[in-house]
Structures are given as structure tokens and as C-alpha cells.
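Please take me through the empty spaces of this model in a viewer, one selection at a time, and tell me what lines each of them.

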Amino acid sequence: MKNAAKDHPLLLCLCLAYLLLFISYLDLSKFWFTYTAAMTLLMILSILIEHPDSQKQPLRNLLLYGSLSGALMYGITWTASKWLPLLYPPLQIQLEDLYRLLSPASAWQYAVLILLIIPGEEIFWRGFVQRRIHGHITTIPSVLLAALLYTLPLVFSGNLLLVLAGIGGGLLWGTLYAWKKNLQMVIISHLLFDLLLLAVFPLQ
């Protein structure tokens, strides 16, 4: 753990990520522009510094595990969206706010979500952050710490549901990456989850 605290490229990139994501949530009217730019920059830095690699997997495995885990993440989110507002009614308003923030409203937003944002998030948070942490500590603590670091900037949104979704996604995709060590599989999982959540079967 002490070695991870001395990993200067990791620490500098995390500080930059938190600054950029804070700016993204600061003015939600420009969110799609600022967040896309932030994740694109972080993805490029990750590739230049770490050059994330993936263990080769058969196409069948990529689609199978990617699809199953993405559907599982959606199922967990759907269940939580039905029960949590019953326990705490203000969460229903937060769900509506979340869709106003995250739902793509035009073709270019769907394009950047698929081509830049989702790959950028996985390359940075799993392929760079989690991979470097795992170079200093064992698998389970590295997944937990990477999930925490992934979730922290979501606090800037002020939306509890987004934070909870970040915890779930960080743990699931972090576990999948630690298990299969394949970024393409994790990207497929994340992509399917987002498309189910935002376009195919919205929660509201």
C-alpha cells in the first residue's frame, strides 16, 4: 500500500481526473461537452503512461461474459430503483434528475457515449487505475480500492443514486477485469448496461 501511495503517475492522474470531473458536474448545461473531453483526455493519458493490455479471449467469451455481467448490473439497478424509493421517497426525484443528466438527447451524444465515454472510463479506471493499484497490493483490496476511487468523483453530482450505481459498477466491472483481465469484455458489459438503462429499458 505504501508503494501505491508513492506511485506518482497514478496520483497525478487521479488528481487530474477529480479536477476534470468536478468541472464537468459544476455546470450541467455543458456536461456532455466537458465530460466527453475529460474522459477522452484521461483515456489518452492512460494509454500513453500504462499502455493497457488485455489477455486475449475468444469472441464467444467476450460476448457471453460481457453480456451476462451487463445484464446483471442492469438487473441490480432495476431492483434497487424499485425498492430504494419506497424506503426513502426523495430518491424518486433523484432518479428523475439522473435521467435528465445522463440520458443522451441527440445522435452525437449516443456516439460519444459509445465511442469515447464508456471506453474511456474503462481504460482509465480499470485498465490504468486498478491495474497500477494491483501492481502494489493483492487482487481483492485492489478491486475494492479502485471501486472507491471510481465512485468518489460521482459525489460531485450530488445524486445519491449515481453514487450507489458507481459503487455497484465499480465492484462488478472491477471484479470482471480482475478475473478475466480483458478490457474489451468490461467495455462490452458497461456498454450493454448503459444502453439498457438509457435507451432500451429505462427505469422510468
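The second largest pocket of this predicted model holds about 170 Å³ of space. Select R131, H134, Y177, A178 and K181, which are the closest to its centre among the 11 residues that line this pocket. If you then colour by helix, α6, α7 and α8 are the elements that give two or more residues to the lining, and the largest share, 3 residues, comes from α6. By class, this lining has 2 nonpolar, 6 polar and 3 charged residues.

Move next to the largest pocket, where about 650 Å³ of space lies, and select L102, L162, A165, F193 and L197, which lie nearest its centre out of 33 lining residues. Two or more residues each come from α3 (31-49), α4 (59-87), α5 (90-102), α6 (107-134), α8 (160-180) and α9 (183-200), with α8 giving the most, 8 residues. The classes here are 26 nonpolar, 5 polar and 2 charged residues.

For the enclosed space, select L21, Y35, E121, W125, Y150, P153 and L154, which line the largest cavity; its volume is about 30 Å³, and its lining counts 6 nonpolar residues, no polar ones and 1 charged.

Finally, select T151, which is placed in helix α7 (residues 139-151). Is T151 buried or exposed? T151 counts as buried because its relative accessible area is 6%, under the 20% cut-off. Beyond its neighbours within four places in sequence, T151 is in contact with V163, G166 and I167, and a polar atom of the T151 side chain lies 3.4 Å from the backbone oxygen of G166.

Terms used: Residues numbered from 1 in each chain as written. Predicted model: local features only at pLDDT ≥ 70, side-chain atom pairs only at ≥ 80, totals over all residues. Heavy atoms only, no water. 1 Å grid on protein atoms, 1.4 Å probe; cavity = no way out; pocket = protein on both sides within 12 Å on 5 of 7 lines; lining within 4 Å. Points joined across faces, edges and corners; volume = space filled by probe spheres on them. Nonpolar A, V, L, I, M, F, W, Y, C, P; charged D, E, K, R; others polar. Helix = DSSP H or I, 4+ residues; strand = E, 2+ residues; numbered from the N terminus. Buried < 20%, exposed > 50% of the residue type's maximum accessible area, 1.4 Å probe, protein only. Polar contact = N/O pair within 3.5 Å; in protein donor to acceptor, adjacent residues only side chain to side chain. Contact = heavy atoms within 4.5 Å.
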